[in-house]
Amino acid sequence: MNSTNVPPPSPTGQALLEAVQISKAYGAVRALEGVSLTIRRGEIVALAGENGSGKSTLAKVIVGALSADAGEVRIDGAPVRLESPRDGLRHGVALVSQEPTLVPDMSVAENISLAKVGRTYGLVGRRQLETDVQPLLTMVGVSCSPSTVVASLSAVDRELVEIAKALATTPDLLILDEATTRMIDPERLFCVLEKLAADGLAVLFVTHKLREIRRLAERVVVLRDGRVSGELGRDELTTDSVITELMVGRELDDLFQRVPSVVGEPVLSVEELVLRESARPISFQVRAGEVVGIAGLGGAGRSSLLASIAGSWREGGEISVNGTSIPANRPHAAVQAGVSMVPEDRHAQGLVLSGSICLNVSLSSHRVLHRTRAAEERRRAADAVRNMRIKCSSIHAPVTSLSGGNQQKVVIGRALASDPMVLLLDEPTRGVDIGAKQEIYHLISEVTQASKAVVLATSDMLELLGLCDRILVLFEKELVGEISGESATEQEIVMYSTRGALDV
């Protein structure tokens, strides 16, 4: 195991990229300090570490989106000066970042072509664009037409289009920053990456998921507090505790340990709810002290179900909290009734990206024509930063200065600040490291211990099996199965999710 900050000897093969002693600070916060990394052609390297450890910052320095305070980047042995992502592309480095880059109102073909338009002279016909990008869509497994407007795509397909857009630049090095967080099954992507690597593409794969690291990476470089804490080869990627110690610097208890709570009377009641494009109504209850999981494949209706409970549009049916009915198209009425939601897409739905941490945490307390109480907002923000262990310079720091995982903590902190009776969580640990996941799981336990209810929609099978008292499975926006958390198995959940059940 290599735990120094000096680049290790390059494996057999040509070293494509060397990041040498990279340092970067944001004010008083040292994001990177003397970090070195080497990647050869045809190699898939994982970059791991807790949220705020510096992974995304290092990726942005390598691609030219950020300038390092010290150190240098070498490509094919020669130092290069990367002052913009365009410089990175010119040197064969492409990044798929955590933040979305697609233009919602443009077509898939137009978005994928944006990276190359700057190097194209003259007009490009729409039909030619669509013809050019079709092989890329096929490669990444997107079945929609190239003329489809991006805003109409699912979150999973949007992420795959982001990857296709990067591949359109024919890079020598592809950096994927948490690219699988919206994918239920990333196996197709992994097969694509392996084929590209066999043809000589280098891949830097940023992920929190140990199973993905084992599945894909030839080695993993681990960052902690802006430094390289160690490096593991493929033959060392079999012990969770080794990677965990490198990432968080401490042993973790049972990840899904949850204090048993007393299950009380129903808090949330969903009766004959009809979602868009669904044929059969959905009915269920959630009791005080329960965690009820919502399972299903992409497009099964998990997010639509949670949004309806939170007051968004629905075709029909009744939703109530402790007997108080929540009308459709009235999210504020849902909040007043005691419902709080953490949405799936933190950038599009959960954050004001131009605002500070304090502003974002306090959004749920804002009321039209009411005076803003600055002291109360600061208290809420400080409590959220402390309770969620958000790594930041101050509560007034812009939310865009945070890592993706710490941004997610801000969204969860805001949801908890209103002290809800029903907490709706849509993929709450997506893009969150193993240490932060445990903190979120502990918060879920605290909510149920307070005799409140949690509805958890997640594509993480381990979360369903490890956290939930009951699991409701959706198939094509219909409720096709209910499984006890104690007896649930992965095979049973997959069976319902993929085929539905005839006897429900």
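These are my notebook entries on a predicted model of a protein.

**Entry 1: confidence and overall make-up**

I began with how far the prediction can be trusted. The mean pLDDT of the protein is 83, and 87% of the residues reach 70 or more. I marked residues 118-122 with a pencil, since their pLDDT is below 50. Beyond near neighbours in sequence, that stretch has two contacts in the model. Residues 367-371 got a pencil mark too, with pLDDT under 50 and two contacts beyond four places in sequence.

Next I looked up the general build. The protein has 504 residues, and 54% of them are buried. I found 17 helices and 20 strands in the secondary structure. How much of the contact list comes from residues 24 or more positions apart? Taking contacts with a separation of 6 or more, the share is 67%. The exposed surface is about 22000 Å², and carbon and sulfur atoms supply 50% of that area.

**Entry 2: the six-stranded sheet**

I then traced an open sheet of six strands with mixed pairing, in the order β16-β17-β18-β13-β19-β20. Its edges are β16 (339-342) and β20 (478-484), each of which pairs on one side only. From one strand to the next, the twist averages 20 degrees.

I spent some time on β19, residues 470-475. Strand β19 meets β20 in the antiparallel sense over six bridges, while four bridges join β19 to β13 in parallel. I wrote down a few facing pairs: G293 is opposite I471 of β19, V473 is opposite G481 of β20, and F475 has E478 of β20 as its bridge partner. The hairpin of β19 and β20 has two residues between the strands, and E476 there takes a positive phi near 50 degrees. Is β19 enclosed or open? Five of its six residues are buried, so the rest of the structure largely encloses β19.

Two helices lie across this sheet. Helix α9 crosses β13 (291-295), β16, β17 (422-426), β18 (453-457) and β19, and runs at about 150 degrees to β17. Helix α15 lies across β13, β17 and β18, at about 145 degrees to β18.

**Entry 3: the cores**

Which residues have the most contacts inside the largest nonpolar core? They are I444 and I471, in a core of 43 residues. Helix α15 (residues 434-449) gives the largest share of this core, six residues. I listed the partners of I471 beyond four places in sequence: G293, A295, L464, G481, E482, I483, A488 and I493. G293 in that list is also the residue that stands opposite I471.

There is a second, separate core as well, with 36 residues. Its members include A164, L167, A168 and L201.

**Entry 4: a close look at S308**

I picked S308, which is found in helix α9 (residues 302-309). Is S308 buried or exposed? Its relative accessibility is 1%, and the cut-off for buried is under 20%, so S308 counts as buried. Setting aside neighbours within four places in sequence, I found S308 in contact with L273, L275, W313, R314 and I319. From S308 to I319 is 11 residues in sequence and 8.4 Å in space, C-alpha to C-alpha.

**Entry 5: the four-stranded sheet and α1**

Last, I turned to an open antiparallel sheet of four strands, in the order β2-β1-β4-β5. Strands β2 (29-40) and β5 (78-80) are at the edges with a single partner strand each, so one side of each has no neighbour in the sheet. On average, neighbouring strands are turned by 30 degrees against each other, direction ignored. Inside the sheet, β1 (residues 15-26) and β4 (residues 70-75) pair in the antiparallel sense over five bridges, with A19 opposite V73 of β4.

Helix α1 packs on this sheet and touches β1, β2 and β4. Its direction makes about 60 degrees with that of β2. How many of the nine residues of α1 (residues 55-63) are buried? Eight are, and the helix is mostly covered. The buried ones are K55, S56, T57, L58, A59, V61, I62 and V63. G64 follows α1, with a positive phi near 95 degrees.

Key: Residues are numbered from 1 along each chain as its sequence is written. This is a predicted model: local features need pLDDT of at least 70, side-chain atom pairs count only at pLDDT 80 or more; totals for chains, interfaces and linings use all residues. Side-chain values use heavy atoms; hydrogens and water are left out. A nonpolar core is a set of buried Ala, Val, Leu, Ile, Met, Phe, Trp, Tyr and Cys residues joined through side-chain atoms within 4.5 Å. Buried means under 20% relative accessible area, exposed over 50%, partly exposed in between (1.4 Å probe, protein chains only). Contact means heavy atoms within 4.5 Å. pLDDT is the predictor's confidence in each residue, from 0 to 100. Accessible areas come from the Shrake-Rupley method with a 1.4 Å probe; for residues, only the protein chains shown count as cover. Two strands pair if DSSP finds at least two bridges between them. Axes are lines fitted to C-alpha atoms, for helices over the stretch in contact, and angles run from 0 to 180 degrees between N-to-C directions.
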